[in-house]
Amino acid sequence: RCKNLSVSFWNSYWMLPSDVCGMNCFWEAAFRYDYMKTHPSEKMHLAVVACGERLEETVTMLRSAIIFSIKPLHFHIFAEDQLHESFKDILDEFPYEGKVNYTLYPITFPSESAAEWKKLFKPCASQRLFLPLILKNVDSLLYVDTDILFLRPVDDIWSFLGKFNSTQIAAMAPEHEEPRIGWYNRFARHPYYGVTGINSGVMLMNMTRIRRKYFKNDMTPVRLQWGEILMPLLKKYKLNITWGDQDLLNIMFFHNPESLYVFPCQWNYRPDHCIYGSNCKAAEEEGIFILHGNRGVYHDDKQPTFRAVYEAIKNYSFGDDLAHSLLQPLERELQKTTHTYCGRVYKVFTKQLTKSIRDLYARRSKG
């Protein structure tokens with residue numbers, strides 16, 4: 001059921017950005033450089049849960065993680081049994097240039113409530129809630145949905161772990177930037193974090209802290225640990241939640257707001273950030289760092305900007321020139337999307353990608 005693969009990874013170092021980002025970006029990158037310098041051999045752990053028809057989408061996400069990342073990666077892939085051989089066949093054929101490991105896991109839930117957890121929201125989606133309890137030897141983890149694409153090194157979001165204060169155990173981005181179109185603040189029938197709630201498609205976790213923490217809650221005056229609180233939350237709110245496990249996380253961090261670090265929106269950029277007009281100012285200034293193609297936008301024609309990025313990364317061949325084989329074809333496709341709201345700001349989709357490619361080649365030329 002499980003398979004480990006070790007291959008080589010790029011041996012390179014981080015280059016500070018040019019003045020393209022401005023001073024805020026400079027100091028943020030300087031912090032990350034310092035963090036990576038003091039954690040040079042740290043392995044980054046990335047988890048994903050794949051069920052149904054998500055094989056191709058998951059592989060494309062993994063490709064995007066590999067292209068730009070610097071430090072070693074370990075992929076923890078939770079998938080239905082019938083997908084394991086396909087994952088193995090594809091990943092074993094990747095022509096890696098450095099060190100990448102992966103482990104395949106079956107989908108597992110607590111035996112006494114497995115059926116209830118599996119049917120919550122989408123099949124297998126709530127698996128992410130149990131990662132701290134399953135991956136007991138992993139200290140920190142970046143969980144992402146299958147429809148995520150990295151447009152800059154995983155190292156950069158991983159380094160936010162070093163920014164956590166003493167009470168923070170996880171990091172996520174807001175569900176919305178604009179309350180007028182927010183879902184939680186207009187429709188939720190349960191507590192949620194902050195003004196517009198949080199989105200769990202990109203979730204950075206200090207799992208050691210999660211396992212140790214006792215959480216405040218509205219079910220008992222006694223604080224409960226992670227493994228103790230999940231089922232009582234589900235029983236109390238299952239008739240009031242719409243988005244399954246994400247709603248449970250919102251409830252949990254509503255009662256424990258000091259435990260959450262909040263990412264800016266360009267670390268989890270979704271169609272809602274542009275389909276009604278651009279409302280992620282950070283992405284307008286610095287570009288998109290992580291693209292989240294929820295609503296199935298990679299596979300239909302409703303949001304061609306998102307689909308263009310997905311197709312460009314899916315079709316890129318490792319080893320080809322990134323500028324000519326990925327960036328330039330993508331720019332041509334994006335220019336065809338200006339009839340949509342997202343297409344009108346298509347340059348935010350390539351701004352960071354252009355810089356990531358430039359920095360990658362700068363690292364290679366330096367050693």
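Modeller: Let us begin with a term. The axis of a helix is a line fitted to its C-alpha atoms over the stretch in contact, and angles between axes run from 0 to 180 degrees between N-to-C directions. Please bear in mind that the model before us is predicted.

Colleague: At what angle do helix 13 and helix 15 pack, and how far apart are their axes?

Modeller: In general, two packed helices are described by the angle between their axes and the distance between the axes. In this model, helix 13 (residues 322–334) packs with helix 15 (residues 351–366) at an angle of about 175°, and 11 Å separates the axes. Angles over 145 degrees count as roughly antiparallel, and the description of helix 13 and helix 15 is therefore roughly antiparallel.

Colleague: Which residues make the contact?

Modeller: From helix 13 come Leu322, Ala323, Leu326, Leu327, Leu330 and Glu331, while helix 15 contributes Leu353, Thr354, Ile357, Leu360 and Tyr361. By class, the residues of this contact comprise 9 nonpolar, 1 polar and 1 charged. On the spacing, a general point helps: an α-helix has 3.6 residues a turn, so residues three or four places apart point the same way.

Colleague: Why is helix 10 described as largely enclosed by the rest of the structure?

Modeller: The reasoning rests on burial, for which the cut-off is under 20% relative accessible area. Helix 10 covers residues 245–255, and 10 of its 11 residues are buried, so the rest of the structure largely encloses this helix. The buried residues are Asp245, Gln246, Asp247, Leu248, Leu249, Asn250, Ile251, Met252, Phe253 and His255.

Colleague: Which elements do the buried residues of helix 10 pack against?

Modeller: They pack against helix 4 (114–118), helix 7 (184–187) and helix 9 (226–237), and also against strand 7 (170–174), strand 8 (198–206) and strand 9 (260–262). For the wider setting, the protein has 15 helices and 10 strands, and 59% of its 367 residues count as buried. Among contacts with a separation of 6 or more, 74% join residues 24 or more positions apart.

Colleague: How many disulfides does the structure hold, and which pattern do they follow?

Modeller: There are 3 disulfides. When the bonded cysteines are counted along the chain, the pattern is 1-2, 3-5, 4-6.

Colleague: What is the handedness of the link of Cys51 and Cys124?

Modeller: Handedness is read from the torsion about the S-S bond, which is -95° for Cys51 and Cys124, a left-handed link. This pair joins distant parts of the chain, 73 residues apart: Cys51 is in the loop between strand 2 (44–50) and helix 2 (55–68), and Cys124 is in the loop between helix 4 and helix 5 (131–134). The sulfur atoms of Cys51 and Cys124 are 2.0 Å apart, and both residues are buried.

Colleague: Which way does the disulfide of Cys265 and Cys280 turn, right-handed or left-handed?

Modeller: The torsion about the S-S bond of Cys265 and Cys280 is about 95°, so this disulfide is right-handed. Cys265 and Cys280 are 15 residues apart, each in the loop between strand 9 and helix 11 (281–286). Cys265 and Cys280 are both buried.

Colleague: Where do Cys274 and Cys342 lie?

Modeller: The link of Cys274 and Cys342 is right-handed, with 85° about the S-S bond. Cys274 lies in the loop between strand 9 and helix 11, and Cys342 in helix 14 (residues 341–344), 68 residues apart. Cys274 is buried, with a relative accessible area of 0%; Cys342 also counts as buried, at 0% relative accessibility.

Technical notes. Residues are numbered from 1 along each chain as its sequence is written. This is a predicted model: local features need pLDDT of at least 70, side-chain atom pairs count only at pLDDT 80 or more; totals for chains, interfaces and linings use all residues. Side-chain values use heavy atoms; hydrogens and water are left out. Buried means under 20% relative accessible area, exposed over 50%, partly exposed in between (1.4 Å probe, protein chains only). Helices (H or I, at least four residues) and strands (E, at least two) are DSSP runs, numbered from the N terminus. Contact means heavy atoms within 4.5 Å. Angles under 35 degrees count as roughly parallel, over 145 as roughly antiparallel, 65 to 115 as roughly perpendicular and the rest as oblique. Ala, Val, Leu, Ile, Met, Phe, Trp, Tyr, Cys and Pro count as nonpolar, Asp, Glu, Lys and Arg as charged, and the others, Gly among them, as polar. A disulfide is a pair of cysteine sulfur atoms within 2.5 Å.
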